[in-house]
Amino acid sequence: MLKQEIEDGQASLADPAFRADVLRGFESRPRAIPARWFYDRRGSELFEAITDLPEYYPTRTETAILRACAGEVADLAGQGRAVVEFGSGSSTKTPILLGAVSPSAYVPIDISGDFLRESSADLASAFPGLPVLPLEGDFLKPLALPVQVAGLPKLGFFPGSTIGNMIPHSSVDLLRAMKASLGEGAMLLIGMDRIKDKAVLETAYDDAAGVTAAFNLNLLERINRELGATIPVEAFRHRAIWNDDRARIEMHLEASEDVAFEIEGRPFSMAAGETIHTENSHKYGPRDARTLLLAGDWTPVKEWTDPEGLFAVILAEA
Ligand code: AVJ
């Protein structure tokens with residue numbers, strides 16, 4: 001009974017940070033909610049489905065680049081490092097790196113303990129003998145790594161162009177926090193999505209099957225589920241637009257008619273055409289990417305890309 005109530009998403013059991021971000025997001029102008037709240041169970045499933053879409057080139061492109069460059073990364077990084085992944089290990093990319101580098105330990109860091117424990121267990125069984133030391137925490141701030149890796153030089157791994165979610169000044173803060181967490185002699189292998197044709201970018205974030213639309217709209221469904229809100233989800237449509245001034249894809253949810261609803265008993269209304277900004281995905285040209293790393297106090301060592309130059313994987317040193 002109590003379990004059922006919890007699964008039904010009683011407002012009193014919602015994450016207070018989620019509630020605060022949603023209420024603040026609907027009160028501010030322009031309305032905006034941080035992209036991190038996409039990833040409830042359903043949102044994570046939809047993101048997995050996005051990575052398999054024909055239009056969504058980043059995942060398969062980065063995976064191919066990693067397959068091609070992993071040996072060289074291993075040579076440049078040398079023996080005996082601990083690999084520290086920011087975000088819990090992805091199903092295919094992490095084993096490519098671990099297989100090539102043969103690290104002395106692997107430390108996946110994630111804010112979500114559940115995903116972390118699942119992916120850590122999978123990796124530990126795929127790499128018998130490798131110490132897997134999951135760390136539950138927020139990597140946006142400098143973190144204390146497990147004592148077992150104290151004496152080892154680190155190789156940070158931040159794939160997926162996740163850094164693209166952050167506006168440039170926050171990206172720089174993050175890069176500096178990573179450097180502080182990784183310590184003396186560290187290296188960082190990071191994936192960044194490249195600036196390219198506007199149509200290719202917009203299609204990657206607005207696929208024909210409507211999976212990205214469902215992913216975006218799931219945020220409203222999550223708000224209804226977890227905050228007992230009454231948002232008429234069917235009155236919203238997904239929008240993905242290239243903002244050339246800021247070099248980023250923006251995702252918005254647009255009200256297609258005048259709507260009124262409540263969130264935790266508080267009344268809100270939106271006129272037809274008004275939007276909620278739900279995600280930024282910044283793209284970086286070759287020089288932009290290197291300048292961003294330098295601004296974050298990392299020195300680029302080597303960069304790999306695919307034949308079409310869609311995506312870049314960059315190795316940098318502290
Ligand atoms: C997980 C942030 C890298 O920006 O491409 C995919 C998220 N949003 N489609 C991205 C996303 C819509 C993705 N990142």
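1. Let me start with the contact between α3 and α9 in this predicted model. On the α3 side, R42, G43, L46, F47, A49 and I50 take part, and they meet V211, T212, A214, F215, N218 and R222 of α9. Helix α3 covers residues 41-51, and its axis comes within 9 Å of that of α9, with a crossing of roughly 170 degrees. Since angles over 145 degrees count that way, α3 is roughly antiparallel to α9.

2. Helix α9 has a second set of partners, so please keep it on screen. Spanning residues 211-227, α9 packs on a sheet and touches β7, β8 (248-255) and β11 there. The direction of α9 makes about 115 degrees with that of β7.

3. Now the sheet itself. It is open and built from four strands in the order β1-β11-β8-β7, with mixed pairing. Both β1 (31-32) and β7 (236-243) are edge strands with a single partner strand each, so one side of each has no neighbour in the sheet. As a general reminder, strands of a sheet pair through backbone hydrogen bonds, in either a parallel or an antiparallel way.

4. You will find both senses of pairing if you walk across this sheet. At one edge, β1 runs parallel to β11 (residues 275-282), and two bridges join them. R31 is the residue that stands opposite I276 of β11. At the other edge, β7 and β8 are antiparallel and share eight bridges. One pair to look at here is I241 with its bridge partner E250 in β8.

5. The turn between β7 and β8 deserves a quick look too. These strands form a hairpin with four residues between them, and A247 takes a positive phi near 50 degrees.

6. A second helix pair to inspect is α4 (residues 57-77) with α5 (residues 93-101). Their axes lie 8 Å apart and the packing angle is about 25 degrees, which makes α4 roughly parallel to α5. From α4, the contact draws on E62, T63, L66, R67, A70, G71, V73, A74 and A77, while α5 supplies K93, I96, L97, A100 and V101. The α4 and α5 crossing is right-handed.

7. If you like looking at individual lysines, try K154. This residue belongs to strand β5 (residues 154-158). Is K154 buried or exposed? The count of C-beta neighbours inside 10 Å is 26, so K154 ranks as buried, the threshold being 20 or more. Setting aside neighbours within four places in sequence, K154 is in contact with R81, A82, V84, L182, G183 and A186. For a sense of distance across the model, the C-alpha atoms of K154 and H238 are 40 Å apart, with these positions 84 residues apart along the chain.

8. Finally, the whole chain. Its secondary structure amounts to ten helices and 13 strands. The radius of gyration is 20 Å, close to the 20 Å from the globule rule for 318 residues, so the chain is as compact as a globular protein of that length. Along the principal axes, the C-alpha atoms fill a box of roughly 60 × 50 × 30 Å. Of the 318 residues, 38% are buried. Taking contacts between residues at least 6 apart in sequence, 70% join residues at least 24 apart.

Methods: Residues are numbered from 1 along each chain as its sequence is written. This is a predicted model: local features need pLDDT of at least 70, side-chain atom pairs count only at pLDDT 80 or more; totals for chains, interfaces and linings use all residues. The radius of gyration is taken over C-alpha atoms; the globule rule is 2.2 Å times the number of residues to the power 0.38. A residue is buried if 20 or more other C-beta atoms lie within 10 Å of its own, exposed if 12 or fewer, and partly exposed in between; C-beta atoms are placed from the backbone. Two residues are in contact if their C-beta atoms, placed from the backbone, lie within 7 Å. Two strands pair if DSSP finds at least two bridges between them. Axes are lines fitted to C-alpha atoms, for helices over the stretch in contact, and angles run from 0 to 180 degrees between N-to-C directions. Angles under 35 degrees count as roughly parallel, over 145 as roughly antiparallel, 65 to 115 as roughly perpendicular and the rest as oblique. A crossing is left-handed if the near helix is turned anticlockwise from the far one by less than a right angle, and right-handed if clockwise.
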